[in-house]
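Please open the model in your viewer and keep the selection tool at hand. The tour proceeds in stops, each beginning with a selection.

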Amino acid sequence: MSVARVDRVPYSLAGFGQTLTHDLAYGVPGALSFFPARDFAAVVEQLRKKDYAREELASTLEADLRPFDPPEAVMKNVRLLREANTFVIATGQQAGFLGGPLFTLYKAVSSIKLALQLNEQFAGRAKFVPVFWVAADDHDMPEIDHAHILQPDGEVARVRIPLKTECVGCSAADVLPDSSPNAVAALKEELAAALKDPLAAEALTACYAQKSMSAAFTEQMLRWLGGLGLIVVQSTAVRKFGRDILRRELSDFDITTRLIQEAAVRMKAVRYEPGFSAQMRSAPHFFVTHEPEKIRAALDVAGASGQIVFQERSAAFSERGAVPRTYLPQQLDKLVDSRPELFSASAALRPLVQQAAFPVAGAVLGPGEISYWAQLHAVFQHFGEVFPVVLPRASATLIDTPGQKAMRKLGIEPASPELFADAETLQKRAAVSNEVGSSMQRNVDAILAHLAEMESEVQKVDGGLKSLFDKARERISHELQRVAEKTQASLGQREGAAVVRAKYLASLVRPRKALQERTLACAPFLLRYPDLPRDLLDTLDPLAREHFVITLG
């Protein structure tokens, strides 16, 4: 058991989410107006009325998962998707290096836990399986090509995986690490230094060898969470199930844009921050893969004299020396129909494509996702898709052994607001030597003053004793100053260690002045605490509406 103690604090104290996330968790009517689906039984009944390609979906997942040799618990849940009575609790994230930030782990555990809770609640009337959607279509490599790893001295190392330059502009499913000997050796060395574990560095480097970013991420997620039954699916594997959504978007993209903009206006009216700008451009909300370079290109609307033309757009075209293509609507429609594997939804349509592929009853989301899902209910209705119950993911801060020691030395409790203080505040708390040293010097001065008083008394009795007294006073003064100096030096050493501990604790809880779960990578914690996913499953609760502070044993 890697969890020794569990405390809870308010979202606001930990810094998790904004007002919309908090209001959704607590069922505030203003927030619920954007997330009207709150009853799982009602959503399940709506999903029963839809015709899902369950056999094709399960076969597709089996084929995509087979190369990873997933645990039987995963394949059992995939087989359950063939049954009309099985529904999905979905979550997902980009394919971050070393598993991405810790909140990726909390998303996955939250979806597993919610599926288990609903299976118990429905008692066979419906079954629920957890699905993790890997955003393999995402092409924003600067967001996922690095990992932050906490160091013993409180510094936060940033390790970046080198990627092949010919993959610029490609999706995570098409981006490969630089496999040249020098690049591999450099990555291994950098990981070994950051992790303080050469064997782990070698294993992680090998995991990324000859694999795309999304494939390596999928392999890690299955290794960490597959035993708990989490179905991990690369979005590229299920692109074909979004064919009908994207074809309709070709003619209705202006409607999609308007519905999202109108929702933004309503959100601002009740002081919620929209995820999508009210000024978002009006163009099809999906991307096309430009071959053979595999550049993931957006589509702009061009043309004159009433003739709409769609043109590919990506900054990678100029960098790669490729020429963007243009399409007439009918050409693009035929291409989406015949080769759906070339197309991927943007953030505005991805939830709908997910819903078209899977019978999603519940979606476990982070604060950023909640802000843009709030604008999509009318879009779901327009496309005839069922809007699922939306829940915030669990949020947590992990306190490791060095962090616990720092807390003890600083007198900080796990649920105390002081735990989330900034580095400067914690380091001031650790700085005690000046105060103690000054107090000691005052005591030395007081003793010497008493000796001066004694001198006058001695002289009154016998002036011949002055020489003897002066020698005694000099010896006492010397020894007192010697003790004071050694004490000051000892205090300085202790203060130095205390400052380092304070810096470590600050970087553990708020690395780079951000929430731990949004910064520090999953892999280092899972290497040190292999049982952490299962223990978190017993500990976290996505319905708790509080931030967890978890002390690790």
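The stops below concern a predicted model.

**Stop 1: two helices**

Two packed helices are described by the angle between their axes and the distance between the axes. Select helix α12 (residues 243-269) and helix α14 (residues 329-338); their axes come within 9 Å and cross at roughly 175°. Angles over 145 degrees count as roughly antiparallel, so α12 is roughly antiparallel to α14. Next, display the side chains at the contact: α12 contributes Arg 243, Leu 246, Arg 247 and Leu 250, while α14 contributes Pro 329, Leu 332, Asp 333, Val 336 and Asp 337. By character, the residues of this contact of α12 with α14 comprise 5 nonpolar and 4 charged, with no polar residue.

**Stop 2: a covered strand**

Select strand β13 (residues 389-392). Are its two faces covered or open? Both are covered: Val 389 and Leu 391 on one side, and Val 390 and Pro 392 on the other, are all buried. Now add strand β12 (residues 360-365), which runs parallel to β13 and is joined to β13 by 4 bridges. Within this pairing, Leu 365 stands opposite Pro 392 of β13.

**Stop 3: aromatic rings**

How many aromatic pairs does a search of the whole structure find? The search finds 14. One of them is formed by Phe 276 and Tyr 372, a tilted pair with 5.1 Å from centre to centre and 50° between the planes. The two partners come from distant parts of the chain, 96 residues apart: Phe 276 belongs to the loop between α12 and β7 (286-290), and Tyr 372 to helix α16 (residues 367-373). Buried means under 20% relative accessible area; Phe 276 therefore counts as buried at 13%, and Tyr 372 is likewise buried at 14%.

Then select Trp 373 and Phe 380, which form another tilted pair, with 5.9 Å from centre to centre and 40° between the planes. Both Trp 373 and Phe 380 are buried. Add Phe 35 and Phe 387 to the selection: ring pairs link Phe 35, Trp 373, Phe 380 and Phe 387 into a cluster.

**Stop 4: a sheet of three strands**

Select β1, β15 and β14, which form an open sheet of 3 strands in the order β1-β15-β14, with mixed pairing. Which strands lie at the edges? They are β1 (3-9) and β14 (395-399), each pairing on one side only. On average, neighbouring strands of this sheet are turned by 20° against each other, direction ignored. Look next at β14 and strand β15 (residues 547-552), which pair in the parallel sense over 5 bridges. Here Thr 397 stands opposite Val 549 of β15. Finally, add helix α18 (residues 401-410), which lies across β14 and β15 and runs at about 80° to β14.

**Stop 5: details of the backbone**

Most residues other than glycine have a negative phi, and most peptide bonds are trans. Three places in the loops deserve a visit.

- Select Glu 291 and Pro 292: the peptide bond between them is cis, with omega near 0°. Pro 292 is in the loop between β7 and β8 (295-302).
- Select Asp 69, a residue other than glycine with a positive phi near 50°. Asp 69 is in the loop between α5 (54-65) and α6 (72-80), and at 65% relative accessibility it counts as exposed.
- Select Lys 513, which has a positive phi of about 65° although it is not a glycine. Lys 513 is in the loop between α21 (466-509) and α22 (522-528), and at 70% relative accessibility it counts as exposed.

Definitions and conventions. Residues are numbered from 1 along each chain as its sequence is written. Side-chain values use heavy atoms; hydrogens and water are left out. Axes are lines fitted to C-alpha atoms, for helices over the stretch in contact, and angles run from 0 to 180 degrees between N-to-C directions. Angles under 35 degrees count as roughly parallel, over 145 as roughly antiparallel, 65 to 115 as roughly perpendicular and the rest as oblique. Contact means heavy atoms within 4.5 Å. Ala, Val, Leu, Ile, Met, Phe, Trp, Tyr, Cys and Pro count as nonpolar, Asp, Glu, Lys and Arg as charged, and the others, Gly among them, as polar. Buried means under 20% relative accessible area, exposed over 50%, partly exposed in between (1.4 Å probe, protein chains only). Two strands pair if DSSP finds at least two bridges between them. Rings of Phe, Tyr and Trp (its six-membered ring) pair if their centres lie within 6.5 Å; planes under 30 degrees apart count as stacked, over 60 as edge-to-face and the rest as tilted.
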